[in-house]
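Work through the exercises below with the sequence and coordinates open. Each task is followed by a solution in steps.

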Amino acid sequence: MPVAALPIPARVPLRVIPTGTGPIASRLRGRPRESARVEYSVARALGRILGHAEPLACDWAALTYDDAKAVRDHLARRAMLGEIAPSYARFCVRIFRRILTECHRLGTLSTERLELLTDLPAIRGESLPAGRAVTREEVERLVAYCALVSPRDAAYFAVSFGAALRVMEAAHLRCDSYRAGVLTIRRGKGMKDAVVPVLPWCREPMEKWLSLRSSGWLICTTDALGEIVDAPMSEAGLRQLCYTRAAEAGTERFSPHDLRRGAITYLDHEGIGLSLIQKWARHSNLATTSRYLRRTENEVAEAVEALK
């Protein structure tokens, strides 16, 4: 099959994620909404690399090793040219393997052919970590500004940093999720529940918002007139909220996940052990927690100078 030099497509709307039969639909069925969106975006890119406008048109089970190797080489070349991050290229290869594994589960690909098609050389290379760590000073500035214009937004920034929330976790909080400085997360990543203590200095904005709103969704949306609607904000809405409030409060632009990075880095700066941070941040792997830490060049230089 021809390898088309097409760009990796951006996020796709939920309405175009396929249902029905086939390896793509089977793979995405039951997946969390955002995970399904990301995986389908990658599947579309892989299909286009193989010369198909849509992944549903690709007969994944009929691919040869040459096809699989061409996909891997195309991604590796783009990573080498700096068009995509090496980690993203590896992620695309993982999704490719998962699609082929789904073909195997559906009985359209033999075990022998699955092993052949997924036996691909690793894509090497590392790029600078994505995002940044929002600082405590920035969060305090955002909370102080939002306390004057939107107690809901002040509560969102405080609890997202104060409990190192993923954007999905923040979007699904309810008012009864918070009690006496402790946040109960229901159906977080991997459908896991968790009980998380909130940083003490982040509790006051939460409690002020809860004094105004005692039930329903915690981070709720608003209508065109600015009136509260008892519906959760979307993840895209929370992203836009971060961009808007950062500009208004005069802080550097950040994403919701940068609040989580900042919280983990803040605890590390305060001398909390990495294993405790891992448990607080709800990471299953200590290496994942260490990747969240953001050390500046000045901090590294000071640590080296201290060894005199």
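**Exercise 1.** Locate glycine 271 and decide whether it is buried or exposed.

Solution. Glycine 271 sits in the loop that links H11 to H12. The model is a predicted one, and the accessibility is computed from it. The relative accessible area of glycine 271 is 62%. The cut-off for exposed is over 50%, so glycine 271 is exposed. As a distance check, take leucine 307, which is 36 residues away from glycine 271 along the chain: the two C-alpha atoms are separated by 19 Å.

**Exercise 2.** Determine which residues of helix H12 are buried and how they are arranged around the helix axis.

Solution. Step one is to list the residues. H12 covers residues 274-281, and its buried residues are Ile277, Gln278, Trp280 and Ala281. Step two is to look down the axis of H12: the buried residues fall within an arc of 165°, so they line one face of the helix. The general background is that an α-helix has 3.6 residues a turn, so residues three or four places apart point the same way. Step three is to turn to the other side of H12, where Leu276 and Lys279 are exposed.

**Exercise 3.** Identify the elements against which the buried residues of H12 pack.

Solution. Three of the partners are helices: H7 (151-162), H11 (256-269) and H13 (286-292). The buried residues of H12 also pack against a strand, E3 (194-197).

**Exercise 4.** Compare the backbone and the accessibility of arginine 282 with those of alanine 180.

Solution. Begin with position. Arginine 282 comes just after H12, in the loop between H12 and H13. Alanine 180 belongs to the loop between strand E1 (178-179) and strand E2 (182-185). Next, read the phi angles. Arginine 282 has a phi near 65°, which is positive although the residue is not glycine. For alanine 180, phi is near 50°, again a positive value in a residue other than glycine. Finally, check accessibility. Arginine 282 has a relative accessible area of 17%; buried means under 20%, so arginine 282 is buried. Alanine 180, at 76% relative accessibility, counts as exposed.

**Exercise 5.** Describe the surroundings of serine 211: its element, its accessibility and a polar contact of its side chain.

Solution. Serine 211 is part of helix H9, residues 203-212. With a relative accessible area of 60%, serine 211 is exposed. A polar atom of its side chain lies 2.5 Å from the backbone oxygen of lysine 208. For a longer reach, use alanine 194: serine 211 is 17 residues from alanine 194 in sequence, and their C-alpha atoms are 24 Å apart.

**Exercise 6.** Summarise the whole chain by its secondary structure, extent, burial, contacts, surface and charge.

Solution. Count the elements: the chain has 14 helices and five strands. Along the principal axes, the C-alpha atoms fill a box of roughly 60 × 60 × 30 Å. Of the 308 residues, 45% are buried. For contacts between residues at least 6 apart in sequence, 61% join residues at least 24 apart. The exposed area is about 16,300 Å², with carbon and sulfur atoms supplying 54% of it. Last, the chain carries 45 positive and 35 negative charges, and the mean positions of the two sets are 3 Å apart.

How values were computed: Residues are numbered from 1 along each chain as its sequence is written. This is a predicted model: local features need pLDDT of at least 70, side-chain atom pairs count only at pLDDT 80 or more; totals for chains, interfaces and linings use all residues. Side-chain values use heavy atoms; hydrogens and water are left out. Helices (H or I, at least four residues) and strands (E, at least two) are DSSP runs, numbered from the N terminus. Buried means under 20% relative accessible area, exposed over 50%, partly exposed in between (1.4 Å probe, protein chains only). Contact means heavy atoms within 4.5 Å. Accessible areas come from the Shrake-Rupley method with a 1.4 Å probe; for residues, only the protein chains shown count as cover. Lys and Arg count as positive and Asp and Glu as negative; His and the chain ends are not counted. The place of a charge is taken as NZ of Lys, CZ of Arg, CG of Asp or CD of Glu. The arc is that of the directions from the helix axis to the C-beta atoms. A polar contact is a pair of N or O atoms within 3.5 Å; within protein, one must be able to donate a hydrogen and the other to accept it, and residues adjacent in sequence count only if both atoms are side-chain atoms.
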